[in-house]
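Hello,

Below is the structure I said I would pass on to you. My notes on helix contacts and pockets follow it.

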Amino acid sequence: MKNILHFIKENLAVGLLLFALFLGAGNIIFPPLLGQQAGGNITLAMIGFLITGVGLPLLAIVAVAKAGGDLQLLANRVSPAFGVIFTSIVYLAIGPFFAIPRTGSVSYEIGIAPLLPEAIAAHWAPLLITSVIFFALILYLSFNPSKLVDRIGKILTPVLLLIILLLAGKSFISPMGEPGEAVGKYITAPFAEGFVQGYLTMDVLAALVFGIVILQALRNMGVTDKKKQVNTTIFAGVVAALGLSFVYISLSQIGNTSIDAIGTSENGGNIIAKSAEVLFGSLGSLILSATILLACISTAVGLLTANAQYFHKLFPKISYKSFLIIFTIFSMAITNVGLSTIISASLPVLLIIYPLAIVLMILSLADQLFKGGQIVYILALIPTFFVSLYDGLKEMKIELVAYENLLKILPLYEQSLGWLLPAIIGACLGFILHKLKVAMLPKKHLT
């Protein structure tokens, strides 16, 4: 018992670090929108959301930890070329193209803009000034990743949790109203819609990347034993999962009870901003601003650090600090196109790569069952890609009628989960072929 308590005390800061890295812009703005739109069906919707927003990221942390913290090593099980291409796309998607700029945009639009006069907030200059200050801070924190545990895990995260606890506690003690009616797909398929909405957090993709940040932090703490690194990373994943579950349920509760007080909204940021003001008055806006800024800072640091480390490893002639500067400047530029544009541009990419990431992760956890047979990965991922690719094309308003009519035969296609059955069939076929190949090997050797 004493050993368990010592282990928890020794590694809790690492778990809080991982939780803080996850808890960024999307984690704050999407659950309130789900809560409001799901209405009376919030339980099923939230279960679906927690699977993709908490359960699968936890499994991804375990998978990456067992693979040595390297997503590319996981993806190499398909092929070396796939390993480089897929890993690079994932890093760029949750890095300078979408997720890092999103942290900057959300920091301004929800954390800063509500505190400014409307005419000033609508001008381009405040966003530019905010983004310069925000990313200068991010760059400073990222120059010394060895201090991430002290700066984020031990300082920012407890403050962040306290702020969210204040908002959530008030919403449970003094609800703003009753849940409204479910809308859209939450009426007929709340679980599936919640499942797909979990994509928007990018948590599975982030989990595949944050493993290297956690392992690097552990090495800097003097933890060199691989088994201890894996156990500590898994423990950190559990801590992060518990924290994320608390945050998601709390924020969805705020959205679910908000309609009577603030009306409906198509933007989760507006829901949480107006709700904070109703719950705490002018103090609510300050509390929310602090929450958003802390969440976005911690996530941006983690993503920027992970991207710079990966691409420095891929292109060693370019230094880690050079990549930090390049990605910071690029992210700052993308931030200034605005939050709506960033989210719209990211959706097609997420619809394409998220199913691939999920299938790759699950197969890696079951790898021992088929001894790493490459054919299993290939036959599972190819049909997954062809279905998810069209989901992404549809989001970009590119439609191929004949192809869509073929895909409509698939179960759950209308819920953007049409890739599920082809992935299962492909994996099973690959498993059978792998077993046949193994069974034939001794005969070949005998001849």
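In this predicted model, the axes of helix H16 (residues 282–314) and helix H17 (residues 320–335) come within 8 Å of each other and cross at roughly 130 degrees. Angles of 65 to 115 degrees count as roughly perpendicular and those over 145 as roughly antiparallel, and H16 and H17 are therefore oblique to each other. The crossing in which H16 passes H17 is right-handed. On the H16 side, the residues that meet H17 are Leu304, Thr305, Asn307, Ala308, Gln309, Phe311 and His312. Their counterparts in H17 are Tyr320, Phe323, Leu324, Phe327 and Thr328. Sorted by class, this contact of H16 with H17 holds seven nonpolar and five polar residues, and no charged ones.

H17 also meets helix H5 (residues 80–97), and here the two axes come within 9 Å and cross at roughly 65 degrees. H5 and H17 are therefore roughly perpendicular to each other. From H5, the contact uses Leu92, Pro96 and Phe97. From H17, Phe327, Phe330, Ser331 and Ile334 take part. The residues of this contact of H5 with H17 divide into six nonpolar, one polar and no charged. Phe327 of H17 is thus listed in the contact with H16 and also in the contact with H5.

A further pair is helix H12 (residues 203–220) and H18, whose axes come within 9 Å and cross at roughly 55 degrees. That angle makes H12 oblique to H18. H12 passes H18 in a left-handed crossing. The residues in contact are Asp203, Val204, Leu205 and Leu208 of H12, together with Leu350, Ile353, Tyr354 and Ala357 of H18. In the contact of H12 with H18, seven residues are nonpolar, none is polar and one is charged.

Next, the pockets. The largest pocket holds about 750 Å³ of space. Its lining is made up of 27 residues, and those that lie nearest the centre of the pocket are Glu193, Gln197, Leu200, Leu347 and Glu395.

Which helices supply at least two residues each of the lining of the largest pocket? They are helix H2 (25–38), helix H11 (190–197), helix H15 (268–280), helix H18 (339–365) and helix H19 (374–395). Of these, H18 gives the most to the lining, with six residues. The lining of the largest pocket is mixed in class, with 11 nonpolar, nine polar and seven charged residues.

The second largest pocket holds about 260 Å³ of space. Fifteen residues line this second pocket, and Ile362, Leu363, Ala423, Ile424 and Ala427 lie nearest its centre. H18, H19 and helix H21 (420–446) each supply at least two residues of the lining. In this pocket H21 gives the most, with six residues. By class, the lining of the second largest pocket has 15 nonpolar residues, no polar ones and no charged ones.

One helix to keep in view when reading the model is H18. H18 is in contact with H12, gives the most residues to the lining of the largest pocket and supplies at least two residues of the lining of the second largest pocket. H19 likewise supplies at least two lining residues to the largest pocket and at least two to the second largest.

Regards

Conventions
Residues numbered from 1 in each chain as written. Predicted model: local features only at pLDDT ≥ 70, side-chain atom pairs only at ≥ 80, totals over all residues. Heavy atoms only, no water. 1 Å grid on protein atoms, 1.4 Å probe; cavity = no way out; pocket = protein on both sides within 12 Å on 5 of 7 lines; lining within 4 Å. Points joined across faces, edges and corners; volume = space filled by probe spheres on them. Helix = DSSP H or I, 4+ residues; strand = E, 2+ residues; numbered from the N terminus. Nonpolar A, V, L, I, M, F, W, Y, C, P; charged D, E, K, R; others polar. Axes fitted to C-alpha atoms, helices over the stretch in contact; angles between N-to-C directions. Parallel < 35°, antiparallel > 145°, perpendicular 65-115°, else oblique. Left-handed = near helix turned anticlockwise from the far one by under 90°. Contact = heavy atoms within 4.5 Å.
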